[in-house]
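Dear colleague,

Please find the structure enclosed below, together with an account of what was found in it. I should be grateful if you would read the notes with the coordinates open beside you.

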Amino acid sequence: MQPAEGAKLHYRMITFSVPRSPKADKYKVEVAAGNYNAEALFDKNIVVSASGNTGTIIVTVPSFGKEYTWQMVYTGKSKTTKSGLYHFTTGSVPETDTTLVRLRLINPATEKYRDDYVFIDGNRALYDMNGNVVWYLPDMNGLANPKAIIRDMKITSVGTITFMSDDKAYEINYNGEVLWKAPNTGVVNGENNEHYHHEFQRLANGHYMIMGMESVPWKSKVPVTVDANLPPAMQSRMLQDTGTHKTTFGTIIEYDNSGKVVWSWKSSKYFIGSDLEYYNPAFRMPTTDVHENSFYFDEKNNMIYVNFKGIARIVKVKYPEGNVVRAYGEVYKPGSKEQGNGLFCDEHSCRLSSEGYIYLYNNNACTGEQAIPTVEMLQEPQSDTGTLKKVWEYVCNTAGVNANPNNKVMEQNQKMAVQRNRDLHLQNAFKMHPTSGGHVLEMPDHSMFICMNTEYCKLFIVDRDKKIQWSAVPEKYNQNTKEWRISAQQYRASIISAQDLESLVRKGVKAGS
């Protein structure tokens, strides 16, 4: 039976399940608001009911932080019987308190997307398209700590949920039970842990693929300093040592379901001895971080597309051989400053469309302080010497987004960086626009679901005709300033259909219930 008697649930969309009766051909679940043991009181307070042909029925209750009573009604050919009364509560966390956290609608969903749902990692919750929370991430291994950063939360093809929490990675079911946890033992990079970041995927074969990092001694032909805008933890692993410094490069690791490493790839093997040694930035401060921030595994053609924000480059890696067969971006030459690739800069979320195009979220940061992000779709060349061709572009807009007070922090960091690197900035015609994040997903109808960068955090759906189908912005209430602010920790969001959510909910039913 589910939910179990006295259960405390972290969701409102609930699977009610009882053993099937051989004498019943119809079932009806009834749910009352409150805790009752008397049938008469229960009947007076029923708030929702639903019928079905089996003993498993999905119902959404109205609120979090409430007590509920339920029963199942069995109808057969000759009579109707009722189960006993059972009880459960829905939990309450800051993410479900709409006076503290909200998803504010800008444009209501068109009919086509009205029944979809959105995972928002910064808010640790799943929302319907009207901005109502239907599920939140339960407390697991300290996840209730508000300082734990949740990233890349999404549904898998088998009806489970994957996400990262700081340097950990999990697969869970709808009930919050851990199905798999990344081992994070440092087998690939030789350190204490793999420094997981940005991207975590469950593959079609049941394996898991995730990004990591390693620190590698490396000597550039161009003087390089630590970027003052990088997080302290990253800076600490980039120690300089008289010309040879430790540089952070990315790794990609594939685990089987037992946690064994079955394949890995290190970007350092590609970059060391490459044109990167001549990288002389013109649009940003000298950095030791190529900033690998996304990968897409084309499992059908055994190719992995890996994106490097720090140098505006996409590489195409043959799997499982590991050799780079294509590289898209500027080729650096001795004595020449960075020119830019003319297509994207500080890009995120590089993926492959159903039509075979590369698409990505372009932060567009190299075009100056007034840069507006774009979403681009790029056609690969037929020959190895060809270049990418832009076939579709959408210029994002900030309509409906309030000014972000967090920008003041970024501006202050930029000013401090200018002071440390004044000579470099005097040489530049403009300052690079500091930004982070951004995500885009192609939907089954070829529309794009877009999560703008941390400067704006706006979420929206735009079709190929560039018409907005839905938009909203996640916000948190600042008790000190008494104002709503966009979520500073918002990194990615993902969208799922009602059918996918129903599959997720049903697969959360415990075996034997």
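Arg 351 is a suitable place to begin: this residue is buried, with a relative accessible area of 8%. Please bear in mind throughout that the model is a predicted one.

Salt bridges

Which residue forms a salt bridge with Arg 351? The partner is Glu 199, and the closest N and O atoms of the two are 3.0 Å apart. Glu 199 lies in the loop between strand E16 (178-181) and strand E17 (200-202), whereas Arg 351 belongs to strand E25 (residues 348-352), so the pair ties together parts of the chain that are 152 residues apart in sequence. Glu 199 counts as buried because its relative accessible area is 0%, and buried means under 20%.

A second pair links distant parts of the chain as well. Glu 214 forms a salt bridge with Lys 266, with 3.6 Å between the closest N and O atoms. Glu 214 is in strand E18 (residues 208-218) and Lys 266 in strand E20 (residues 261-266), 52 residues apart. The two residues are placed in separate classes of accessibility: Glu 214 is buried at 5% relative accessible area, while Lys 266 is partly exposed at 23%. In addition, salt bridges that share partners join Asp 152, Lys 154, Glu 199, Arg 351 and Arg 492 into one network.

Lys 28 and Glu 30 also form a salt bridge, their closest N and O atoms being 3.8 Å apart. Here Lys 28 is partly exposed, with a relative accessibility of 32%, and Glu 30 is buried, with a relative accessible area of 11%. The count of salt bridges comes to 21. As general background, side chains of opposite charge can pair when their charged atoms come close.

The second largest pocket

The second largest pocket has a volume of about 1,100 Å³. It is lined by 36 residues, of which Lys 154, Ile 155, Leu 441, Glu 442 and Ile 495 are the closest to its centre. The elements that give two or more residues to this lining are strand E13 (150-155), E17, E21, E25, strand E29 (439-442), E34 and helix H6 (498-507). Lys 154 thus appears in the pocket lining and also in the salt-bridge network described above.

Two open sheets

One open sheet has four strands in the order E12-E11-E10-E34, with antiparallel pairing. Its edge strands, E12 (133-136) and E34 (493-496), each pair on one side only. From one strand to the next, the twist averages 20°. Within this sheet, E11 and E12 run antiparallel and are joined by three bridges; Ala 125 stands opposite Tyr 136 in E12.

Another open sheet of four strands follows the order E21-E22-E23-E24, again with antiparallel pairing. At its edges are E21 (292-298) and E24 (324-328), each of which pairs on one side only. The twist averages 15° from one strand to the next. Four bridges join strand E23 (residues 313-318) to E24, and these strands run antiparallel. Val 315 stands opposite Ala 327 in E24.

A buried loop residue

Is Asn 123 buried or exposed? It is buried, because its relative accessible area is 0%, and the limit for a buried residue is under 20%. Asn 123 is found in the loop between strand E10 (117-120) and strand E11 (125-128). Leaving aside neighbours within four places in sequence, Asn 123 is in contact with Glu 95, Val 101, Arg 102, Pro 474, Lys 476, Ser 487 and Gln 490.

Backbone points to inspect

Most residues other than glycine have a negative phi, and most peptide bonds are trans. The following places may be viewed against that background.

- Gln 2 and Pro 3 are joined by a cis peptide bond, with omega about 0°; Pro 3 is in the segment before strand E1 (7-9).
- Tyr 319 and Pro 320 are likewise joined by a cis peptide bond, with omega about 5°; Pro 320 is in the loop between E23 and E24.
- His 198 is not a glycine, yet has a positive phi of about 65°. His 198 is in the loop between E16 and E17 and is buried at 9% relative accessibility.
- Asn 302, also not a glycine, has a positive phi of about 55°. Asn 302 is in the loop between E21 and strand E22 (303-308) and is partly exposed at 34% relative accessibility.

With kind regards

Conventions: Residues numbered from 1 in each chain as written. Predicted model: local features only at pLDDT ≥ 70, side-chain atom pairs only at ≥ 80, totals over all residues. Heavy atoms only, no water. Buried < 20%, exposed > 50% of the residue type's maximum accessible area, 1.4 Å probe, protein only. Contact = heavy atoms within 4.5 Å. Pairing = 2+ DSSP bridges. Axes fitted to C-alpha atoms, helices over the stretch in contact; angles between N-to-C directions. Salt bridge = Lys/Arg side-chain N within 4 Å of Asp/Glu carboxyl O. 1 Å grid on protein atoms, 1.4 Å probe; cavity = no way out; pocket = protein on both sides within 12 Å on 5 of 7 lines; lining within 4 Å. Points joined across faces, edges and corners; volume = space filled by probe spheres on them.
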